[in-house]
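Let's take a walk through this structure together, starting with one bit of vocabulary and then moving from the rings inside to the chain as a whole.

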Amino acid sequence: MVREVVQLGDPVLRETCKPITRFDHELAALLDDLKDTVKKEQGAGLAAPQIGVPVRVAVVDVEEGFFEFINPVFVWQKGEQVGPEGCLSIRGKMGTVRRPDKVKVIFQDRKGDKYSLVARGFFARAICHEFDHLDGVVYTDKATDIRNSED
């Protein structure tokens with residue numbers, strides 16, 4: 001089901017999200033809703049707090065594929081990239097953000113199984129952006145400039 005994306009100013013976007021402890025049909029439904037919503041919005045990713053649910057769940061939809069991240073943790077970050085970012089929760093704006101160029105993360109899937117993954121380039125940028133949401137951070141907190149996306 002497509003859900004409404006909350007916008008900056010909603011307090012849920014500033015919460016530190018709670019870990020997932022139950023891997024059940026409610027979690028599966030949340031993941032399905034995140035997927036449906038990010039596809040409809042044509043975004044590169046979406047975190048649960050962006051649809052009003054303050055839990056440590058995010059999805060990323062990039063060239064490498066569609067990924068579900070539950071209780072993700074960075075193992076390491078390397079390199080540096082600087083580039084433009086936008087956000088479905090801050091419509092009409094863009095900013096320039098410095099991110100790691102390569103990251104390794106560990107996470108769980110919808111069944112609770114643990115995995116690790118290495119991402120680089122835009123994939124790493126998308127992961128960092130979405131994982132920030134799980135700690136109440138939005139890209140404008142890190143941007144060196146913020147402008148209208150039409151500019």
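First, the vocabulary: a residue is called buried when its relative accessible area is under 20%, exposed when that value is over 50%, and partly exposed in between. Keep in mind, too, that what you're looking at is a predicted model.

With that in hand, try Tyr-115. Its relative accessibility comes to 42%, so Tyr-115 counts as partly exposed. Now look at Phe-107: here the relative accessible area is 9%, so this residue is buried. Phe-123 is buried as well, with a value of 5%.

These residues have something to do with each other. The structure holds six aromatic pairs, and two of them are worth a visit. In one, the ring centres of Phe-67 and Phe-123 sit 4.8 Å apart while the planes meet at 35°, so this pair is tilted. Phe-67 belongs to strand β3, which covers residues 65–78, and Phe-123 belongs to helix α2, residues 121–133, so the pair ties together parts that are 56 residues apart in sequence. In the other, Phe-107 and Tyr-115 have ring centres 6.0 Å apart and planes at 25°, which makes the pair stacked, because planes under 30 degrees apart count that way.

Zoom out a little and these rings turn out to have company. Phe-67, Phe-107, Tyr-115 and Phe-123 are among the members of one aromatic cluster, which also includes Phe-69, Phe-74 and Phe-131.

Now for the whole chain. How many helices and strands does the protein chain have? There are two helices and eight strands. Following the chain from its N terminus, you meet them in the order α-β-β-β-β-β-β-β-α-β. The radius of gyration is 14 Å, close to the 15 Å that the globule rule gives for 151 residues, so the protein chain is as compact as a globular protein of that length. Along the principal axes, its C-alpha atoms fill a box of roughly 45 × 35 × 25 Å.

What about the inside? Of the 151 residues, 46% are buried. If you take the contacts with a separation of 6 or more, 66% of them are between residues 24 or more positions apart.

Finally, the outside and the charges. The protein chain exposes about 7700 Å², and carbon and sulfur atoms supply 49% of that area. As for charged side chains, there are 22 positive and 25 negative ones, and the centres of the two sets lie 4 Å apart.

Technical notes
Residues numbered from 1 in each chain as written. Predicted model: local features only at pLDDT ≥ 70, side-chain atom pairs only at ≥ 80, totals over all residues. Heavy atoms only, no water. Helix = DSSP H or I, 4+ residues; strand = E, 2+ residues; numbered from the N terminus. Rg over C-alpha atoms; globule rule 2.2 N^0.38 Å. Buried < 20%, exposed > 50% of the residue type's maximum accessible area, 1.4 Å probe, protein only. Contact = heavy atoms within 4.5 Å. Areas by Shrake-Rupley, 256 points an atom, 1.4 Å probe, with all protein chains shown as cover. Lys, Arg positive; Asp, Glu negative; His and termini not counted. Charge placed at Lys NZ, Arg CZ, Asp CG, Glu CD. Phe/Tyr/Trp six-rings, centres within 6.5 Å; stacked < 30°, edge-to-face > 60°.
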